[in-house]
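Hi everyone, thanks for coming. I'd like to take a few minutes to walk through one model with you, so let's put it on the screen.

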There are 4 protein chains.
Amino acid sequence: MEKAIEDESLFALALEAAARAYAPYSRFRVGAALLLEDGSVVTGVNVENRSFGLTNCAERSAIYAAVSSGNRKFAAIAVATPDADYPVSPCGACRQVLSEFMSADTPVVFGPDYARAVHTTVGILYPYDALHELADDDNA
Amino acid sequence: MEKAIEDESLFALALEAAARAYAPYSRFRVGAALLLEDGSVVTGVNVENRSFGLTNCAERSAIYAAVSSGNRKFAAIAVATPDADYPVSPCGACRQVLSEFMSADTPVVFGPDYARAVHTTVGILYPYDALHELADDDNA
Amino acid sequence: MEKAIEDESLFALALEAAARAYAPYSRFRVGAALLLEDGSVVTGVNVENRSFGLTNCAERSAIYAAVSSGNRKFAAIAVATPDADYPVSPCGACRQVLSEFMSADTPVVFGPDYARAVHTTVGILYPYDALHELADDDNA
Amino acid sequence: MEKAIEDESLFALALEAAARAYAPYSRFRVGAALLLEDGSVVTGVNVENRSFGLTNCAERSAIYAAVSSGNRKFAAIAVATPDADYPVSPCGACRQVLSEFMSADTPVVFGPDYARAVHTTVGILYPYDALHELADDDNA
């Protein structure tokens with residue numbers, strides 16, 4: 001499975017990134033590794049704030065960094081949450097931002113480690129994104 | 001269908017609320033009507049900001065207003081987007097906030113009008129919310 | 001001082017609202033009381049989320065609720081943080097949202113209690129808001 | 001003025017970054033250049049979203065990228081807004097995030113170009129950040 005192998009190395013980078021998380025308020029570190037279409041990887045971490053609402057998640061840190069350096073096409077994303085003992089899915093805000101730049105079939109893998117990771121896609125995490133198409137197809 | 005009737009009156013309140021939206025930047029008005037467990041309704045609108053990132057959606061305005069007045073149990077939410085000609089689903093940030101207070105089977109209805117509205121649930125809009133449960137059930 | 005008296009009753013409403021805060025993650029409750037131009041008051045509380053970045057502050061909850069009910073002109077805001085033992089100022093996101101709807105001289109009062117509250121204005125909390133005006137006046 | 005020279009080259013990097021902004025909704029591009037304590041520079045751009053509230057500003061993109069790569073000490077930030085014809089100050093959310101990582105005297109420069117840029121500091125943009133200190137000094 002080429003894909004699974006690719007995910008494992010990508011996940012390893014996400015896990016490594018999690019060590020750099022700025023999470024003094026939650027003590028819950030998250031790392032993300034975003035695979036660009038050219039094969040390179042951009043990582044991100046959660047960056048918290050004493051005003052909790054200004055906190056940014058690892059997934060979005062990676063997306064914003066990649067866009068800032070001129071990239072807008074992404075092939076996959078891995079999210080590692082080593083402080084949990086079960087898979088913690090990307091939050092809704094991240095699903096929204098992923099869906100701005102990724103097609104529905106873009107792979108997403110998330111978990112506390114690779115053995116327990118969930119393999120899914122942007123479209124599964126963020127359904128009902130393109131209802132105008134549904135409407136065209138007679139959504140009634 | 002008791003449920004459908006209930007939704008229609010709820011949706012009408014969401015549509016009415018949309019007229020109060022503060023949307024000078026997008027010109028895209030949204031109204032939400034949140035049904036509390038006691039049968040009363042709290043409405044919300046999108047409130048935009050010249051720094052786009054500080055914009056708040058109608059769904060969250062309704063939730064925040066309801067919590068501010070002491071309510072945390074919600075039975076359903078309707079979202080009206082009269083400026084679209086197809087159903088526009090709640091954004092990921094709103095799905096996240098809904099899922100904080102609502103169970104997976106809580107009804108959500110959204111659309112430009114009731115005739116074209118999509119009937120769904122919080123759990124469908126926000127999947128993978130409770131993976132610790134899955135993990136307990138041997139998610140491997 | 002008519003103003004100080006007015007603030008004291010407004011602050012009391014903010015303090016009362018703080019008891020309704022949804023703050024299970026920070027245990028830091030905040031209440032806000034927003035004085036409308038017609039003399040009525042809308043209150044708000046902080047509404048946290050397990051994804052910290054989706055947290056909303058009390059000040060914004062009050063603004064969003066007031067706008068949702070059709071109000072856009074505000075005379076003053078009081079913010080109570082009973083879980084601190086010193087004045088905690090509105091966060092930057094709230095300053096931004098206040099500045100969207102309030103003039104620079106709108107009074108803001110914040111503190112753990114009224115005796116220790118700081119009295120200031122939107123313009124002091126959010127400087128450099130209208131640099132196009134400065135530019136018109138030859139800002140060089 | 002060593003400082004002014006430093007700012008000019010930093011500003012130039014911010015201006016260059018602005019060309020990479022993802023701003024399809026506002027058509028208002030912003031670039032930021034964050035000077036790390038080791039003398040290297042991390043740039044950021046605004047990354048908008050069709051759900052406006054998920055938009056991220058250039059200043060925060062730079063901070064999140066820098067933290068993600070293991071940096072938390074910053075010496076200065078420059079913000080370029082080439083689509084305005086006057087200086088547009090960092091929004092409140094960005095001021096809040098800057099203040100999490102920067103001391104009050106950290107230089108901030110912002111403008112449509114360097115000739116018209118405003119030179120200020122984090123402390124001036126975000127006053128009342130440390131009222132516990134004031135309280136210690138008899139804030140009455």
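Let's lay chain D on chain A: the RMSD is 0.0 Å, with a turn of 180° and a shift of 0.0 Å along the axis. The two copies are thus related as by a two-fold rotation axis. In chain D, the C-alpha nearest that axis belongs to D:Ala65, 2.6 Å away from it. Please keep in mind that this is a predicted model.

Now, how do the copies meet? They meet through the same surface, because 100% of the interface residues of chain D are also interface residues in chain A. In numbers, 31 residues of chain D are in contact with 31 residues of chain A. For those of you who think in areas, the size of an interface is often given as the accessible area lost when the parts come together. Between chain D and chain A, the buried area is about 2,400 Å², and carbon and sulfur atoms give 52% of that.

What about the polar side of things? Chain D and chain A have 23 residue pairs in polar contact, and four salt bridges are found across their interface. One salt bridge to look for on the screen joins the side chains of D:Glu100 and A:Arg50, at 2.8 Å from N to O. On the side of chain D that touches chain A, strand 2 (41-45), helix 2 and helix 3 are the elements that give two or more residues. By class, that side of chain D has 13 nonpolar, eleven polar and seven charged residues.

Let's turn to helix 2 of chain D. Is this helix covered or open? Helix 2 is mostly covered, with eleven of its eleven residues buried. Among them are D:Glu59, D:Arg60, D:Tyr64 and D:Ala65, the last of which we met at the axis. So who does the covering? From chain A, the cover includes strand 2 (41-45) and helix 2 (58-68), and from chain D itself it includes strand 1 (31-36), strand 2, strand 3 and helix 3. Just after helix 2 of chain D, D:Gly70 takes a positive phi of about 100°.

Finally, helix 3 of chain D, residues 92-101: ten of its ten residues are buried, so this helix is largely enclosed by the rest of the structure. D:Glu100, our salt-bridge partner, is one of those buried residues, and D:Arg95 is another. Here the cover includes helix 3 (92-101) of chain C, along with helix 2 (58-68), strand 3 (74-80) and helix 4 (122-125) of chain D.

That's my tour, and I'm happy to chat.

Terms used
Residues are numbered from 1 along each chain as its sequence is written. Chains are lettered from A and ligands numbered from 1 in the order in which they are written. This is a predicted model: local features need pLDDT of at least 70, side-chain atom pairs count only at pLDDT 80 or more; totals for chains, interfaces and linings use all residues. Side-chain values use heavy atoms; hydrogens and water are left out. Buried means under 20% relative accessible area, exposed over 50%, partly exposed in between (1.4 Å probe, protein chains only). Helices (H or I, at least four residues) and strands (E, at least two) are DSSP runs, numbered from the N terminus. Contact means heavy atoms within 4.5 Å. Copies are superposed by least squares on the C-alpha atoms of residues with pLDDT of at least 70 in both. Buried area is the accessible area (1.4 Å probe) that two parts lose on being put together, summed over both. A polar contact is a pair of N or O atoms within 3.5 Å; within protein, one must be able to donate a hydrogen and the other to accept it, and residues adjacent in sequence count only if both atoms are side-chain atoms. Ala, Val, Leu, Ile, Met, Phe, Trp, Tyr, Cys and Pro count as nonpolar, Asp, Glu, Lys and Arg as charged, and the others, Gly among them, as polar.
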